[in-house]
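Subject: Structure for your files, with notes

Hello,

Here is the structure I said I would pass on. My notes follow it.

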Amino acid sequence: LDYHFKHTSHSSLSINQFKMKLSIATLTAVVATASAFAPSPAFKSSSTELMAKSESSRLEFMQQSVAAMSAFALFPSNANAAKYGKVGRGSPEVLDPKSAIVDDEIMASQPVQDAFAAVKTYKSAVVNMKAALDKNNQADIGASVRKDLDLVKLRADLNTLNTAFDEDTQRGTDRLVRLIFQDVNELETANRQKEGVTRSEKRLAIMYGKLEKLNKAFSDYLAFV
């Protein structure tokens, strides 16, 4: 019995020792495998540099793209600029009136016909203002600008007439509408003159320029109808 007990104990001890050695060997193998797959400092450094270069390249590309878009927006083509003047008149949004699509049913409606007739009177008013300056280059046309080119009524009539166009055509006419409003405001500003002070040739040239642009803008707008 004593021999059996000692033999059994010795066998158990051997098995436990074997298991411990196996566990240590397994752990060592796992650590070695993990170390083999872990990126080296050189690899980490290389990866970091690659990511940094990638971010830098992307930033440069975005900056160049923004610069290119800004340049395109600020400097329209010479051909269109000659046609529509400065301040965005060269925009590709100003379409060829020949490509306009007009809804005949809407165009024939009374509100649109009234707006169409009103826009024609605005153009005539601009011609009359120029005639007044031709007759007297010191003429005060401010009252005529405020009455005959009333911005509230002008906006309502242009917007009403615009409903007869399809969306693509409206992108072109909307551009002209914005330019008309800008030139009306600038014409009224250029007309203001202190009492008793003679209007200079420079200011007179500005007024003539605004009247010419307005006349062309109204003509271009009506060409879409």
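One definition is needed before the rest: buried means under 20% relative accessible area, exposed means over 50%, and partly exposed is in between, with a 1.4 Å probe and protein chains only. This is a predicted model, in which local features need pLDDT of at least 70 and side-chain atom pairs count only at pLDDT 80 or more, while totals for chains, interfaces and linings use all residues. Residues are numbered from 1 along each chain as its sequence is written, and side-chain values use heavy atoms, with hydrogens and water left out.

Overall

The protein has nine helices and zero strands. Helices (H or I, at least four residues) and strands (E, at least two) are DSSP runs, numbered from the N terminus. Of its 225 residues, 25% count as buried. Contact means heavy atoms within 4.5 Å. Among contacts in the protein with a separation of 6 or more, 77% are between residues 24 or more positions apart.

Salt bridges

A salt bridge is a side-chain nitrogen of Lys or Arg within 4 Å of a carboxyl oxygen of Asp or Glu. The whole structure contains seven of them.

One of these joins Arg171 and Asp168, at 2.1 Å from N to O. The two residues are three apart in helix α8 (residues 167–191), so about one helical turn separates them. Arg171 has a relative accessibility of 45% and counts as partly exposed; Asp168, at 40%, is also partly exposed.

Another pairs Asp134 with Lys130, whose closest N and O atoms are 3.2 Å apart. Here the spacing is four residues in helix α5 (residues 110–135), again about one helical turn. Asp134 is partly exposed at 47% relative accessible area, and Lys130 is partly exposed at 39%.

In helix α9 (residues 201–222), Asp220 and Lys216 lie four residues apart, about one turn of the helix. Their side chains form a salt bridge of 3.1 Å, N to O. Asp220 counts as buried at 15% relative accessibility, whereas Lys216 is partly exposed at 35%.

There is also a salt-bridge network that links Asp183, Glu186 and Lys210. Asp183 comes up again in a distance entry: its C-alpha is 9.4 Å from that of Gly209, with their positions 26 residues apart in sequence. Gly209 is in helix α9 and is partly exposed, at 22% relative accessibility.

Packing of α7 against α8

The axes of α7 and α8 are 11 Å apart and make an angle of about 170°. Axes are lines fitted to C-alpha atoms, for helices over the stretch in contact, and angles run from 0 to 180 degrees between N-to-C directions. The two helices are therefore roughly antiparallel; angles under 35 degrees count as roughly parallel, over 145 as roughly antiparallel, 65 to 115 as roughly perpendicular and the rest as oblique.

On the α7 side the contact is made by Leu151, Leu154, Arg155, Leu158 and Asn162, and on the α8 side by Gln170, Thr173, Asp174, Val177, Ile180, Phe181, Val184 and Asn185. These residues divide into seven nonpolar, four polar and two charged. In that count Ala, Val, Leu, Ile, Met, Phe, Trp, Tyr, Cys and Pro are nonpolar, Asp, Glu, Lys and Arg are charged, and the others, Gly among them, are polar.

Two buried polar or charged residues

Asn162 lies in helix α7 (residues 151–162) and is buried, at 6% relative accessible area. Neighbours within four places in sequence aside, Asn162 is in contact with Gln170, Thr173, Asp174 and Tyr221. With Tyr221 there is a polar contact of 3.2 Å between side chains. A polar contact is a pair of N or O atoms within 3.5 Å; within protein, one must be able to donate a hydrogen and the other to accept it, and residues adjacent in sequence count only if both atoms are side-chain atoms.

Glu188, in helix α8, is buried at 16% relative accessible area. Beyond neighbours within four places in sequence, Glu188 is in contact with Val145 and Arg146. The side chains of Glu188 and Arg146 share a polar contact of 3.3 Å. In sequence Glu188 and Arg146 are 42 residues apart, and their C-alpha atoms are 8.0 Å apart in space.

Regards
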